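Okay, thanks for making time, everyone. I'll put the structure up and then talk you through the parts I'd like you to look at.

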Amino acid sequence: MASQSHNFSGNYLVLRPNEVSVLDLFRLLWDHELEKKAFVECPPEKFQENIRRKWLIFMSLSSQKMLLHAAKPLRWIGEKLEMWVNLVSLNDNIFVLFFNLLRGKVKMVDRESEAFVSFIGSLDRRVELDQNIKPGDCRYFGALAAMAAKISYENQAFVERVVRDYWKSNN
C-alpha cells in the first residue's frame, strides 16, 4: 500500500494487520529494514529499530491478526446468543418456551420486529424516561441523551415504538 501523507503529526506509527502474513510476523523480529514493509508505516527519521520496539510491533500485529480471524466466529456466536435471548423472552421464559415447543406453538423471533432487543437491551429493559424529569428541567436533555444512547443499539422498529409510545414524541 502506498504511503499516505499524515499531516496530523510528524510522529506516528501505522500498522496494517490485513497486509501481514504469519511468516512476515516472525521475520519482522530479525529484519533490519522494517520501515520498508508494507504493513508498517512511520516517518523514516523517527524510526528507531530496537528489539523492544520490534517486539511491541510483533505483539500488536499478532493480537490484531487474531482478532480479525476471530471476528466472524464471534459475530456468529453473538447473533445466536441474541436470537436465543429474544426467543426465551418472546415466549415468556425458558419453561414456557419448552412447553410451547412440545405443543408446536413456539413464538418465533424476527430481527426486524419492534419486540426484538439487542443483547445489551436485554440486560436493561428500561425504555421509559424518568417521570420526575420534565421538559424544561435542566436534567431533561441529559436523561434523554442517556436513554437515546441506550436504545441506539436497537433496530429501527424498536426505536420508533419507544419514541412514539414511551417518549410521546412524533419527531
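So, to start: how many salt bridges does the structure hold? Seven. And before I go further, keep in mind that this is a predicted model, so everything I quote is computed from predicted coordinates.

Let me go through some of those salt bridges. One of them is between the side chains of Glu82 and Arg111, at 3.1 Å from N to O. Glu82 sits in helix α2, residues 51-90, while Arg111 is in the loop between α3 and α4, so the pair ties together parts that are 29 residues apart in sequence. Is Glu82 buried or exposed? Well, Glu82 comes out at 15% relative accessibility, and buried means under 20%, so Glu82 counts as buried. Its partner Arg111 has 29%, which puts Arg111 in the partly exposed class.

Next, Arg139 and Asp137. Their closest N and O atoms are 3.1 Å apart, and that's a salt bridge. Arg139 is partly exposed at 47%, and Asp137 is partly exposed too, at 23%.

Then there's Asp165 with Arg164, where the closest N and O atoms are 3.0 Å apart. Which residues are joined into one network by salt bridges that share partners? Glu114, Arg164 and Asp165. On the accessibility side, Asp165 is partly exposed at 33%, and Arg164 is partly exposed as well, with a relative accessible area of 42%. The general idea is familiar: side chains of opposite charge can pair when their charged atoms come close.

Okay, zooming out to the fold. We've got six helices and two strands, and if you read along the sequence, the pattern goes β-α-β-α-α-α-α-α. The chain has 171 residues, and 29% of them count as buried. For the contact-map people: take the contacts between residues at least 6 apart in sequence, and 54% of those join residues at least 24 apart.

Now let's walk along α3 and what surrounds it. Just ahead, in the loop between α2 and α3, we have Asp92. Its phi is positive, about 80°, although Asp92 is not a glycine. If you're wondering about the sign, most residues other than glycine have a negative phi. Asp92 is also exposed, at 59% relative accessible area.

What caps the N-terminal end of α3? That's Asn93, with a side-chain oxygen 2.9 Å from the backbone nitrogen of Phe95. At the other end, α3 is followed by Gly104, which has a positive phi near 75°.

Inside the helix, have a look at Asn100; α3 runs over residues 94-103, and Asn100 is in there. What I'd point out is that Asn100 is buried, with just 5% relative accessible area. So what does its side chain do? The Asn100 side chain makes a polar contact with the side chain of Arg103, at 2.9 Å. As general background, an α-helix has 3.6 residues a turn, so residues three or four places apart point the same way. Leaving out residues up to four places away in sequence, Asn100 touches Asn91, Lys105 and Val106.

Moving on to Tyr153. Where is Tyr153? In the loop between α5, residues 140-151, and α6, residues 156-166. Tyr153 counts as exposed, at 55% relative accessibility. Even so, Tyr153 has partners from elsewhere in the sequence: not counting residues up to four places away, it touches Ser118 and Ile120. And the C-alpha atoms of Tyr153 and Gly121 are separated by 7.5 Å, with their places 32 residues apart along the chain.

Last stop, the pockets. What is the volume of the largest pocket? About 150 Å³. The residues that line the largest pocket are Leu129, Asp130, Gln131, Ile133, Lys134, Pro135, Tyr140, Tyr166, Trp167 and Lys168. By type, that lining divides into six nonpolar residues, one polar and three charged.

And that's my tour. Happy to rotate the view if anyone wants to look at a particular spot again.

Technical notes. Residues numbered from 1 in each chain as written. Predicted model: local features only at pLDDT ≥ 70, side-chain atom pairs only at ≥ 80, totals over all residues. Heavy atoms only, no water. 1 Å grid on protein atoms, 1.4 Å probe; cavity = no way out; pocket = protein on both sides within 12 Å on 5 of 7 lines; lining within 4 Å. Points joined across faces, edges and corners; volume = space filled by probe spheres on them. Nonpolar A, V, L, I, M, F, W, Y, C, P; charged D, E, K, R; others polar. Helix = DSSP H or I, 4+ residues; strand = E, 2+ residues; numbered from the N terminus. Buried < 20%, exposed > 50% of the residue type's maximum accessible area, 1.4 Å probe, protein only. Polar contact = N/O pair within 3.5 Å; in protein donor to acceptor, adjacent residues only side chain to side chain. Contact = heavy atoms within 4.5 Å. Salt bridge = Lys/Arg side-chain N within 4 Å of Asp/Glu carboxyl O.
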